[in-house]
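Please open the structure in your viewer and keep the selection panel at hand. The tour goes from stop to stop, and at each one you select some residues and then read what is there.

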Amino acid sequence: MAAKPPTSDPVQDAPTVTAPQHAAAGLPAVGHSLRIAQQQMGVRRTALTLLRVNQKDGFDCPGCAWPEGDHRHAAEFCENGAKAVAEEATLRRVTPAFFAAHPVADLAGRSGYWLGQQGRLTQPVYLAEGATHYEPVSWERAFAIVAEELTALDSPDEAVFYTSGRTSNEAAFLYQLFAREFGTNNLPDCSNMCHESSGSALTETIGVGKGSVSLEDLHQADLIIVAGQNPGTNHPRMLSALEKAKAGGAKIISVNPLPEAGLERFKNPQTPKGLIKGAPLTDLFLQIRLGGDQALFRLLNKLILQTDGALDEEFVRAHTHGFEEFAEAAAKADWDDTLAATGLKRADIESALRLVLDSRRTVVCWAMGLTQHKHSVPTIREVVNFLLLRGNIGRPGAGVCPVRGHSNVQGDRTMGVFERPADAFLDALQAEFGFAPPRHHGYDVVRAIRALRDGEAKVFFAMGGNFVAASPDTEVTEAAMRRARLTVHVSTKLNRSHAVTGARALVLPTLGRTERDVQASGAQFVTVEDSMSMVHASRGRLAPASPHLLSEPAIVARLARRVLGPESRTPWEEFERDYATIRDRISRVVPGFEDFNTRVAHPGGFTLPHGPRDARRFPTATGKANFTAAPVEHPQLPEGRLLLQTLRSHDQYNTTVYGLDDRYRGITGGRRVVLVHPEDARALGHADGDHVDLVSEWADGLERRAPGFRLVHYPTARGCAAAYYPETNVLIPLDATADTSNTPTSKSVVVRLDSPTSTPA
Ligand SMILES: Nc1nc2c(c(=O)[nH]1)N[C@H]1C(S)=C(S)[C@@H](COP(=O)(O)OP(=O)(O)OC[C@H]3O[C@@H](n4cnc5c(=O)[nH]c(N)nc54)[C@H](O)[C@@H]3O)O[C@H]1N2
Ligand SMILES: Nc1nc2c(c(=O)[nH]1)N[C@H]1C(S)=C(S)[C@@H](COP(=O)(O)OP(=O)(O)OC[C@H]3O[C@@H](n4cnc5c(=O)[nH]c(N)nc54)[C@H](O)[C@@H]3O)O[C@H]1N2
Ligand SMILES: [Mo]
């Protein structure tokens, strides 16, 4: 049943365009996911695998971090979850013969789509210095090579240990332990490019950098504001929660420059009625300009303060700090400025205010539309101000809901994958393992790239992910990576990062979520934490893609033994043998994991404590929830320019491209499209169907160019444009980052449209 992987690169980017859709999921979604799954893994395996997703005795969907409800459907998956599973459970294989046939230079010329289509990695491979091809290498030799380069460094801080958010709690805990025992806090992760702004803003204001709501809270809410998020594509299971909330009487406001189909109408594939007809979701659509959210929430806050009885005075008095100063700043919010910053009409904001005032229980959900701007941290702090004013934190049906991306990105952070660890965490590590962890901060993603560029970091090790494609300023990042002495990727699938290497390179293939993990003590499971702080077990059932794969915990444990030698008193061998012994250590180091092994045995797992949610306890510097009064900012747009956001199509998972369609937005057969409002296009002398280069302009005076995009007339907010990542990462300057969180500003890039320098492929 399994199709052969493509042998020639099929990417002929020739998009066709039809009108955007107004509803998400439904029958086309079911059909589409089954088609992709069957192409990758055949009919029988498709059925077996998809039935195990997110079941209590099954594996955690590698798709996203949305939680599973208590009442699971037989098929608790969604179209894009199914695609993520198929991508991993594919029957296609990358063998040593593949590497013999394709020199690295050839791989570097292939599209990410083609690389991913080649299938699962099956054996460790090594690119020797000066060599043209990867060659098979034994695990032992691979670890010896890493050890050789690591021990040759002048300082442990010349090594960088990246993590992408699919890594299990067990593997993440071992990984950070190894890095710190080796002597560095250089633990950048995908979070640095993702929800770092949420973590920074929430830690400062409520004392916990995580969301404060459960699924139950969403179901009970009176009002849900979804700002800067496209759940129809990126968190499809969230639509069921929104549907349920609506059935209970909730109102939904969408704040987005784009009218996203999933938010308009949802055809629930789990119910016969839903499949055909669907339910409208959004009550009020605020079509905001990119980066206008802080201004919007600030004005709403002023209007709340001006409304008699709207303030929850008791809550504000008992639980918050900084109210007076904030109220003073909010009073200065101005209608005209806000309308200019947001592009909204006065009547829109007045309608929003009515819904806000009618609601006793409000949740605000957000994702990358709020986190990837220069002023993202103050924007999210303003959302917190908004919720605090009416006591909407720490009561049922209300709270903050940053919707995470990667399925265990939140758990990896909880396990200590963080370049700026808290002292309390390091103290606990020291007490448990008897070594002195480094105390100075390490590199985040952007700082790691600078260090590699400047020759200050020499070994780059990645636990998953696709660093060079996911990071900003592609040319700078790739040049930086090529300066490394050694690059190492623990991966399931081939990607661009394997083709852009240091002097020496290793690709180490690992087990995926869907696969059985058997160690010396028997079958193992791992654990993950979802977006709502639920920790639960994940157990793969499929036979591993190859007998040569090692699990992530085994890779870290063996590497640690090889690098740290007998000096290390950490029982790495025991950890590899039996993951329960890792969980015992976690239970003694990480707060909230007491009695981990017992509690995770409970079907469905357990919820981590969260002071603000559970008891309105705010572990901040002031001991209260902090109002903050930052100046309002929004991106400035010079004449004749557009503000570009870089986002996901429906057929991709970050840098993994499943296909060339973006069904809900009406794009098929290509990815090099730029969505522009028809009137903006006209004003710039362009029309639908034109081919243009996107050129970004930045303070450093350098021009960054992404050539050959088809212009598509699209009903986006005025002055704004949208194009897919990772193709557009060439446009994002390394130094263009958010204040405080240092997250690349992937959602606000000033661009101009140029006539194409060359004819598009
Ligand atoms: N199928 C699939 N699922 C995924 C992923 C995937 O690639 N594919 N990626 C995973 C990951 S790691 C993450 S982080 C999440 C990402 O989930 P999302 O954040 O939904 O992903 P994006 O495609 O970046 O979409 C950003 C959304 O915010 C809107 N937006 C952009 N700028 C602004 C703004 O300034 N203000 C407002 N109000 N809205 C704005 C955009 O129009 C778009 O709807 O999804 C996760 N799930
Ligand atoms: N311009 C722009 N840039 C962005 C964004 C944006 O919106 N715009 N979004 C940012 C965001 S939110 C994120 S999270 C990052 C994502 O950055 P990353 O997490 O680094 O990238 P992914 O594309 O998710 O990584 C895919 C690779 O992970 C590997 N993989 C998959 N499953 C496993 C596994 O179980 N174990 C191991 N070891 N490897 C595995 C496969 O080899 C696959 O090729 O990109 C960021 N970059
Ligand atoms: Mo993400």
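In the loop between which two strands is proline 726 found? Select proline 726 and look along the chain on either side: its loop lies between strand 32 (720-724) and strand 33 (749-754). Keep in mind throughout that this is a predicted model.

**Stop 1: the loop between strand 32 and strand 33**

Add tyrosine 725 to the selection, and you have the two residues that are joined by a cis peptide bond, with omega at about 10°. Now move to asparagine 742, which is also placed in the loop between strand 32 and strand 33. Its phi is near 60°, a positive value in a residue other than glycine. Is asparagine 742 buried or exposed? With a relative accessibility of 10%, asparagine 742 counts as buried.

**Stop 2: aspartate 473 and the helices beside it**

Select aspartate 473, which sits in the loop between helix 24 (467-470) and helix 25. Although aspartate 473 is not a glycine, its phi is positive, at about 50°, and the residue is buried, with a relative accessible area of 4%.

Next, show helix 23 (residues 445-453) together with helix 25 (residues 474-482), whose axes come within 8 Å and cross at roughly 55°. That angle makes helix 23 oblique to helix 25, and the crossing is left-handed. To see where they touch, select Ile449, Leu452 and Arg453 in helix 23, which meet Val476, Thr477, Ala480 and Met481 in helix 25. Sorted by class, this contact has five nonpolar residues, one polar and one charged.

**Stop 3: another pair of helices**

Select helix 22 (residues 423-433) and helix 28 (residues 579-589), which pack at an angle of about 130° with their axes 9 Å apart. Helix 22 and helix 28 are therefore oblique to each other, and their crossing is right-handed. On the side of helix 22 the residues to pick are Phe425, Ala428, Leu429, Glu432 and Phe433, and they meet Arg585, Arg588 and Val589 in helix 28. By class, this contact has five nonpolar, no polar and three charged residues.

**Stop 4: the open sheet**

Now turn to an open sheet of five strands, which has the order 12-9-8-14-15 and parallel pairing. Which strands stand at its edges? Strand 12 (284-286) and strand 15 (399-402) do, and each has a single partner strand, so one side of each is left without a neighbour in the sheet. Direction ignored, neighbouring strands of this sheet are turned by 15° against each other on average.

Zoom in on strand 14 (residues 362-366) beside strand 15, where the two pair in the parallel sense over four bridges; one position to select is tryptophan 366, whose bridge partner in strand 15 is proline 402. Then add helix 8 (residues 196-206), which packs on the sheet and touches strand 14 and strand 15, its direction making about 160° with that of strand 15. Helix 11 (residues 236-247) packs on the sheet as well, touching strand 8 (223-227), strand 9 (251-255) and strand 14, and its direction makes about 150° with that of strand 8.

**Stop 5: strand 21 and its hairpin**

Select strand 21 (residues 526-529), where both faces are covered: Val526 and Val528 are buried on one side, and Thr527 and Glu529 are buried on the other. In a regular strand the side chains alternate between the two faces of the sheet. Strand 21 runs antiparallel to strand 22 (residues 534-538), and four bridges join them, with glutamate 529 standing opposite valine 535 in strand 22. The hairpin of these two strands has four residues between them, and within it serine 533 takes a positive phi near 65°.

Stay with threonine 527, which counts as buried at 0% relative accessibility. Leaving aside neighbours within four places in sequence, the residues in contact with threonine 527 include Ser168, Asn408, His536, Arg583 and Phe596.

**Stop 6: helix 2**

Finally, select helix 2 (residues 79-89), in which 11 of the 11 residues are buried, so the helix is largely enclosed by the rest of the structure. Among the buried residues are Glu79, Lys83, Glu87 and Glu88, as well as Val85 and Ala86.

Note on methods. Residues numbered from 1 in each chain as written. Chains lettered and ligands numbered in written order. Predicted model: local features only at pLDDT ≥ 70, side-chain atom pairs only at ≥ 80, totals over all residues. Heavy atoms only, no water. Axes fitted to C-alpha atoms, helices over the stretch in contact; angles between N-to-C directions. Parallel < 35°, antiparallel > 145°, perpendicular 65-115°, else oblique. Left-handed = near helix turned anticlockwise from the far one by under 90°. Contact = heavy atoms within 4.5 Å. Nonpolar A, V, L, I, M, F, W, Y, C, P; charged D, E, K, R; others polar. Buried < 20%, exposed > 50% of the residue type's maximum accessible area, 1.4 Å probe, protein only. Pairing = 2+ DSSP bridges.
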